[in-house]
2 protein chains.
Amino acid sequence: MELLERIGQEAKEAEPFLRILSEEKKNEVLTMAAENLVKHRERILAANEKDMARGREKGMKAGLLDRLLLTPERIEGMAEGLRQIAALPDPIGRVMGEHRPPNGLHIRQVRVPLGVIGIIYEARPNVTADAFGLCFKTGNAVVLRGGSDALYSNQAIVEVLRETLHACECPAAAISLLSDTSRETAAAFMKLNQYIDVLIPRGSASLIAAVVNNSTIPVIETGSGNCHIYVDEEADLAMAAEIVFNAKTQRIGVCNACESLIVHEKVKDAFLPMLAERLAEKQVELRGDERAREAVPMKEAQEADWGTEYLDYILSIKVVDSISEAVSHINRYNTGHSEAIITENKAHAEQFLREVDAAAVYVNASTRFTDGFEFGFGAEIGISTQKLHARGPMGLEALTSYKYEIRGTGQVRG
Amino acid sequence: MELLERIGQEAKEAEPFLRILSEEKKNEVLTMAAENLVKHRERILAANEKDMARGREKGMKAGLLDRLLLTPERIEGMAEGLRQIAALPDPIGRVMGEHRPPNGLHIRQVRVPLGVIGIIYEARPNVTADAFGLCFKTGNAVVLRGGSDALYSNQAIVEVLRETLHACECPAAAISLLSDTSRETAAAFMKLNQYIDVLIPRGSASLIAAVVNNSTIPVIETGSGNCHIYVDEEADLAMAAEIVFNAKTQRIGVCNACESLIVHEKVKDAFLPMLAERLAEKQVELRGDERAREAVPMKEAQEADWGTEYLDYILSIKVVDSISEAVSHINRYNTGHSEAIITENKAHAEQFLREVDAAAVYVNASTRFTDGFEFGFGAEIGISTQKLHARGPMGLEALTSYKYEIRGTGQVRG
């Protein structure tokens, strides 16, 4: 616990230094960090092998083991990520607005770092380098609390990054890793308001809920996506089948995958059999309401299905009588992530865009596009499902705040 | 408690309606609300008299009684506030950015309301109408939890506003007031994540701390201001005395008042006697470190003085050897509100602007200007001292979020 306090304090002490680093210097560090990750890959792979061995011993599932595994290619991927971040424009110092009210003051709104960012995440060690890259480029210090499963890997990566910082004469405390992965320390970390400005949880819904419920530090909630696609009465049904197939099956374990289908009554008989055939290629299990089951035989959906993010080859299906009913259903059960309508009717498209409450609302496209790279941000620290501060894919700007610089000539308030 | 749940639910149900209200309709409601407050002022004044009588009975201090008091003029002021909000441009629906990445999607970032805003505040009943105006103009529902001292007044104001909404065929649940002002209900309110998107506390430092520590809803922290003025070695000393006098004494109970003065060693002997004489006009008590007391006799400052927001005719004074020492002291003890340097040296001014970590950083002006009206926002819901979402004076934009509207032509992810 004393160690936690010390880590927070050191990060806070690094903050004033990082806040005023030039773009050139930050890019130099990021580029050298990329080089060093590749150069020291044997050390990182050896640490990762210790995590893998422990994971296999514990009987970790194949999917989780794969997420934990590092390879020379994956380390090269981490390095490439840092190089890409170096190539992005630096938002810090940008003038966002400028005006001179009647009092004669010259007021400028300028982008600044958030300060110290805490990140709590689970088993993927590549997040460690990513998070450092994004936070460092935006002049923030970062304190990481990774999962115990990836501890050796994370320690090795952080060591290489801290050595790089030291070699570049920057404070090593720009990145810290909590080596104590106990729940008690995590709980104390969430109350370190004195040193941490923002906490970003990345991982399972239960991890995120634990952070939201226990943190006294401001949190950016990321992640869970119970995403719907609504096939309108005036949809191009072939396009609809392609999009649902893509959004459901292209990658199942991700937050922007489609979990629930809503179909207009008028097209259900033409559409559902065609879709069922397409989804059978991937053995997708369908769970429908009564009217859906009239069109195609499938399991019966329970109330719980409407609110479930399966992250699996399962799709719930509901039939509605109108677009308004579709919108109400979505606004009741969605998690504020990504929602789509398939329609050729412009008025319906506009109604859906306006009325659905989510970070990303699509017309005639797959929900799978909700992603920092696809959105052209060049990088992503996560996808926010809250409305405060940042919504949807978060790029560099989401890691910044602003301040007002006010230049006067002796003004006092009357 | 069931009532609390029902209020949250009704506000959430009003949200989809409010989200798509036209600017014209919103302005019509605000204008009629202003009229009705004036028209029904006798009812509001009678309710206020009940609060005042109870306050006098309880032996409430004169200052607090004055904050609680409503008069015909103060009701006219509330009405005028609503008219001014009606005259401001509506940020909702504004396109913040637009681009077409290589995947051919048309991505638009559009301003939307936050949803349901909770506000916890203390004795000033004018906040009730203000908060409604700002939230309604931005398409948000608002749930208010005012202090028990102003309960009758708040109820009367909210009644008039709800009658107006009803007459305009808008959901009355656009504004609700918790009539149960117990601590238990306040604690439950802070955990109503299902219905409330953001919580804004307005009031004393202890109220704000209680909300930050107990809320699971995202909070925008407002308020407390331990503001410093640094008089540089190259300051215009007459200007410095004017500005310190204004920032310390023009209004003492406000968050942007100056609480602490930092003076460069080289000018302390010329400046402090002159300032002490000026501040004596208002009987300001000075508390200084050893070197300050060499220049002018005054009380000895204790460690606690550096971190205290007096909100009183008291000023702490520290002498430093360099601008860097001043910046470090400020970054250690300030609350992220407003900080000023008085200097004729441009390099010092720029260093101070860059290195001081606060919402508003001033050169040669009084800290008292940190205010939504002075900044030209036309209105203010509070002054944020956190870095997430909004920093400094919060106008209408601080009550909005955004969403991405994405128009495709059948795109799927490869």
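**Reading a covered strand and a two-fold pair**

Modeller: Strand S12 of chain A, residues 338–342, is mostly covered, with five of its five residues buried; please keep in mind throughout that this is a predicted model.

Colleague: How should I read the two faces of S12(A), and which residues lie on one side and which on the other?

Modeller: In general, the side chains of a regular strand alternate between the two faces of the sheet. In S12(A), A:Ser338, A:Ala340 and A:Ile342 are on one side, A:Glu339 and A:Ile341 are on the other, and all of these residues are buried, which leaves both faces covered.

Colleague: Which strands pair with S12(A), and in what sense?

Modeller: Strand S7 of chain A, residues 227–231, pairs with S12(A) in the parallel sense over four bridges, and strand S13 of chain A, residues 360–365, likewise pairs with S12(A) in the parallel sense over four bridges. A:Ala340 is a useful residue to follow here, as it is the bridge partner of A:Ile229 and has A:Tyr362 as its bridge partner in S13(A).

Colleague: What is the handedness of the unit that S12(A) and S13(A) make with helix H15 of chain A?

Modeller: S12(A), helix H15 (residues 346–355) and S13(A) make a β-α-β unit that is right-handed.

Colleague: Where do these elements fall in the division of chain A into domains?

Modeller: Chain A is divided into domain 1, which takes in 2–221 + 386–406, and domain 2, which covers 227–369. The centres of the two domains of chain A, taken over C-alpha atoms, are separated by 35 Å.

Colleague: How should I read the relation between chain A and chain B, and what turn lays one on the other?

Modeller: Two copies of a chain are related by a rotation about an axis and a shift along it. Here a turn of 180° with a shift of 0.0 Å along the axis lays chain A on chain B with an RMSD of 0.0 Å, and the two copies are therefore related as by a two-fold rotation axis. The same surface serves both copies, in that 100% of the contact residues of chain A recur in chain B.

Colleague: Which residue of chain A comes closest to the rotation axis?

Modeller: That residue is A:His389, whose C-alpha comes to 1.8 Å from the axis.

Colleague: Which residues have the most contacts inside the largest nonpolar core?

Modeller: They are A:Val142 and B:Val142, in a core of 154 residues. Leaving aside neighbours within four places in sequence, the contacts of B:Val142 include B:Ile117, B:Phe132 and B:Ile175. A second, separate core has 54 residues, among them B:Ala340 and B:Ile342.

How values were computed:
Residues numbered from 1 in each chain as written. Chains lettered and ligands numbered in written order. Predicted model: local features only at pLDDT ≥ 70, side-chain atom pairs only at ≥ 80, totals over all residues. Buried ≥ 20, exposed ≤ 12 C-beta atoms within 10 Å, placed from the backbone. Pairing = 2+ DSSP bridges. Right-handed = clockwise from strand over helix to strand, strands pointing away. Least-squares fit on C-alpha atoms with pLDDT ≥ 70 in both. Contact = placed C-beta atoms within 7 Å. Domains from an automatic or database assignment. Core = buried A, V, L, I, M, F, W, Y, C linked by C-beta atoms within 7 Å.
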